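Here is a short tour of one protein chain, with an eye to how its pieces fit together. Have the viewer open and follow along.

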Amino acid sequence: MQHPKISIIIPIFNTSKYLSDCLQSVLKQTLADIEIIAINDGSTDHSLDILEQSAKIDPRLKVYTHPNMGQSATRNRGIDIAQGEYIYYMDSDDILEPDCLESCYKKAKENDLDIVLFNGASFFEDSCHRKGLKLNYIHTGCPNPTGIATGIESLKYRLQTNHFTPSPCLYISKSELVKKCDVRFIPGAIHEDEHYTFLLHLHARRISCIDQFYFKRRMRICSTMTHLTTWKNINGYFAVCDELLKERQHMAPDYQAIIDLHLSRMLPAVVWKAYCFPLQDRIKLHHLFKTKYPQYIPVKSYLPLFFKKPVDKLKQLLHLKKTD
């Protein structure tokens, strides 16, 4: 049995408004030898109807459905189903450029790569545009002059230059690597990409990138990327940290150092995001961070947690006073 070149795994939950655009961007890829694993995660809108109608037209689209389990568990099911040489994860409200998968597959095969990275850009819906929201989806640069690096070299370089992007929508990965290393998404947690992508890169022998903007991320209201930080977000980051620290116990010193570097970049950013919490919750968070991860968060990183909110209010008052 000949396996497809790439398996595209798409979890779907109530995105009927955008799903057709997403599916068309995948079905119209210039690389024809693909399978599309579309898993309906308990949608209550017309998403399943759209999937079933599309599957009648193109047999490469394989539709599965189950009660709502969340994105992590749905992606994990997709991994178990996938038959392709490589795996790509697509979100059901985003768009892929037509030549993305063909370019990535060609580069991967020519250079015996475990992972191929590429760039992405965001586009906003008017109803959810948040001033100042910027996402880093650029993978230019490589620590090795050949343009190919080991996973640990790539991670160290991207973390030090602030170019590590956890989104699995920005790379294809060899199926053998995913399944052999048994890398899976943390069920029930959000921000699970921070764990999955990091570990997958850590296990990779050869990584390279294509400096092209192939991926378009839709920024919409109430999505994980646009809503304000909540306790669900914080608990998701805690789950990621705890899993990585478990893995750390069994790793060599150079791998432990990379995990430490990742957590020392991620956790201060999480502390900053929580500035919008009520004071009582911020005090509770400060205690939790200090208790659980003291070595990864410098004292200065706690300043925004307690002072950004009042400083922003003061700036707003001064601005109003100035305009009166």
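## The sheet

In this predicted model, 8 strands form an open sheet with mixed pairing, in the order 3-2-1-4-7-6-8-5. Strand 3 (61-66) and strand 5 are at the edges with a single partner strand each, so one side of each has no neighbour in the sheet. Strands of a sheet pair through backbone hydrogen bonds, and the pairing can be parallel or antiparallel. For strand 6 (residues 115-124) and strand 8, the sense is parallel, over 10 bridges. If you want a spot to zoom in on, Ala121 stands opposite Lys216 in strand 8.

## Helices on the sheet

Two helices are worth bringing into view here. Helix 3 (residues 71-81) packs on the sheet, where it touches strand 1 (6-12), strand 2 (34-41), strand 3 and strand 4. The direction of helix 3 makes about 145° with that of strand 2.

Helix 4 runs at about 160° to strand 8. Helix 4 lies across strand 1, strand 2, strand 4, strand 5, strand 6, strand 7 (171-174) and strand 8.

## Salt bridges

Side chains of opposite charge can pair when their charged atoms come close. How many salt bridges does the count give here? The count comes to 19.

Asp94 and Arg217 make one of them, at 3.3 Å from N to O. The two residues are 123 apart in the chain, with Asp94 in the loop between strand 4 and strand 5 (95-96) and Arg217 in strand 8 (residues 207-219). Are these partners buried or exposed? Asp94 counts as buried because its relative accessibility is 1%, and Arg217 counts as buried at 7%. Both Asp94 and Arg217 belong to a network of salt bridges that also links Arg75, Asp91, Glu192 and Asp193.

Strand 8 also supplies Lys216, which forms a salt bridge with Glu97, the closest N and O atoms being 3.1 Å apart. Glu97 lies in the loop between strand 5 and helix 4 (100-111), so this pair ties together parts 119 residues apart in sequence. Glu97 is partly exposed at 24% relative accessibility, and Lys216 is partly exposed at 36%. On helix 8, Lys246 and Glu243 meet in a salt bridge of 3.6 Å, N to O. Those two residues are 3 apart, about one turn of the helix, and Glu243 is partly exposed at 27%.

## Aromatic rings

The whole structure holds 12 aromatic pairs. In one of them, the ring centres of Tyr89 and Phe185 are 5.3 Å apart and the planes meet at 85°, so the pair is edge-to-face. Tyr89 lies in strand 4 (residues 86-89) and Phe185 in the loop between helix 6 (175-180) and helix 7 (193-203), so the pair ties together parts 96 residues apart in sequence. Both residues, Tyr89 and Phe185, are buried.

Phe238 and Phe289 also pair edge-to-face, with 5.5 Å centre to centre and 75° between the planes. Phe238 comes from helix 8 (residues 231-248) and Phe289 from helix 10 (residues 279-292), so this pair ties together parts 51 residues apart in sequence. Both Phe238 and Phe289 are buried. Elsewhere, ring pairs link Tyr88, Phe118 and Tyr214 into a cluster.

## Charges over rings

The ring of Phe238 has a further partner to look at: the charged end of Lys292 sits over it, 5.4 Å from the ring centre. The charged end of Lys308 sits over the ring of Tyr275, at 4.2 Å from its centre.

Definitions and conventions:
Residues numbered from 1 in each chain as written. Predicted model: local features only at pLDDT ≥ 70, side-chain atom pairs only at ≥ 80, totals over all residues. Heavy atoms only, no water. Phe/Tyr/Trp six-rings, centres within 6.5 Å; stacked < 30°, edge-to-face > 60°. Helix = DSSP H or I, 4+ residues; strand = E, 2+ residues; numbered from the N terminus. Buried < 20%, exposed > 50% of the residue type's maximum accessible area, 1.4 Å probe, protein only. Lys NZ or Arg CZ within 6 Å of the ring centre and 35° of its normal. Salt bridge = Lys/Arg side-chain N within 4 Å of Asp/Glu carboxyl O. Pairing = 2+ DSSP bridges. Contact = heavy atoms within 4.5 Å. Axes fitted to C-alpha atoms, helices over the stretch in contact; angles between N-to-C directions.
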